[in-house]
Amino acid sequence: MKKASRKNRKPKIGGKILFPVVIIIYLLLYNSAPEKTLEALNKSLSIITHLLPIFVAVIVIMGLITALLQVKNFAGLLGKQSGIKGWSIGIIGGILSHGSSLIWYQMLADLREHDVRDSLIVTFLYTRAIKLPWLPLMISYFGFTFTVLLTVYIIFGAIIQGIIMDKISSGKQYD
Amino acid sequence: MDQQAFIQAFFKSLKGFLFNLPLLLSVILLTGLFEVFITPKMLSSLFSGNTFLDTLTGTIVGGASVGQPFVSYLIGGELLDDGMSFYAVTAFILSWVTLGIVQLPYEYRLFGARFTLTRNLLAFIFALLIAITTVQSLVWFK
């Protein structure tokens, strides 16, 4: 029997329900705390303005990646047989990635459609906890040893979670 | 480069993005609300002083919080100054960046229920485990 693709099995519930709910929450809050609600709206708008160009870049990059790499190459780099190379890309990619995870979710979901392993996505998302630009601040607050230990354990933790995800996913590739 | 493949992939990604836009906007609007209405002082008040409970609370509060990572360091630093356990603070700053309760609907939409549930459950458990391991190791190194 033909397997259903991940794309076709996406959940039906989405923004059509949540968006009106959020608008109602805003309206209710505006009644009781108009200034704070407007401040929240302004914050949200500034996030949107900040993220929008990055989303455009992500869409273009995804187009480029897909055009440059054939599906079989995706599988070779980040698929089931990717081995250490795949893990390395997942870990280093997560550490180097910046910005809101909302941007990365879109890209990772696209990559997942190209048979990128769930374990590598989990590893990528967890190693994002290592924020290179903020490490000096972390050291100043919590000390050098703490920062090094936490960073090392995050990497180990990310790999273990990826392995667990692999075990869980094996045989049940699609949601 | 295959130009046709690029155009196809570009429009496919664009279509996916536009389809998910209402949900994305919802999550961003919730983030704005959270950042304004939930203050660091309110978060600090949730801790009781019990190491075990505070570690658990730290993980949950960190997971429910949104904002730049440095905010979690500032709050964590204040909590440490107030005598909070290092376990709780570590769990808090770790789950701040690894768990995203506000982003759950978007993650669920893109990756499905099983992936989202498993990933967040693993991230929750590992926030606790890594917090304990890090602080224990810190004791050994001192």
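**View 1. Long-range contacts in chain B of the predicted model.** Take the contacts in chain B between residues at least 6 apart in sequence. Of these, 76% join residues at least 24 apart. The chain holds 7 helices and 0 strands. Its pattern along the sequence reads α-α-α-α-α-α-α.

**View 2. Buried residues and exposed area of chain B.** Chain B has 142 residues, and 52% of them are buried. The chain exposes about 6,400 Å². Carbon and sulfur atoms supply 69% of that area.

**View 3. The largest nonpolar core.** This core counts 43 residues. Phe55(A), Leu102(A), Leu108(A), Tyr106(B) and Phe111(B) touch the most other members. In chain A, the elements giving two or more residues are α1 (15-32), α2 (34-68), α5 (101-113) and α6 (118-127). In chain B, they are α1 (3-37) and α6 (104-111). The largest share, 10 residues, comes from α1(B). Domain 1 (14-68) and domain 2 (70-175) of chain A both contribute residues, so the core lies between them.

**View 4. Surroundings of Tyr106(B).** Residues up to four places away in sequence are not counted here. From chain A, Tyr106(B) touches Phe55(A), Leu102(A), Tyr105(A) and Gln106(A). From chain B, Tyr106(B) touches Asn20(B), Leu23(B), Leu24(B) and Val27(B).

**View 5. Another core, apart from the largest one.** This core has 33 residues. Among them are Met138(A), Phe142(A) and Ile154(A) from chain A, and Leu138(B) from chain B.

Terms used:
Residues numbered from 1 in each chain as written. Chains lettered and ligands numbered in written order. Predicted model: local features only at pLDDT ≥ 70, side-chain atom pairs only at ≥ 80, totals over all residues. Heavy atoms only, no water. Helix = DSSP H or I, 4+ residues; strand = E, 2+ residues; numbered from the N terminus. Buried < 20%, exposed > 50% of the residue type's maximum accessible area, 1.4 Å probe, protein only. Contact = heavy atoms within 4.5 Å. Areas by Shrake-Rupley, 256 points an atom, 1.4 Å probe, with all protein chains shown as cover. Core = buried A, V, L, I, M, F, W, Y, C linked by side-chain atoms within 4.5 Å. Domains from an automatic or database assignment.
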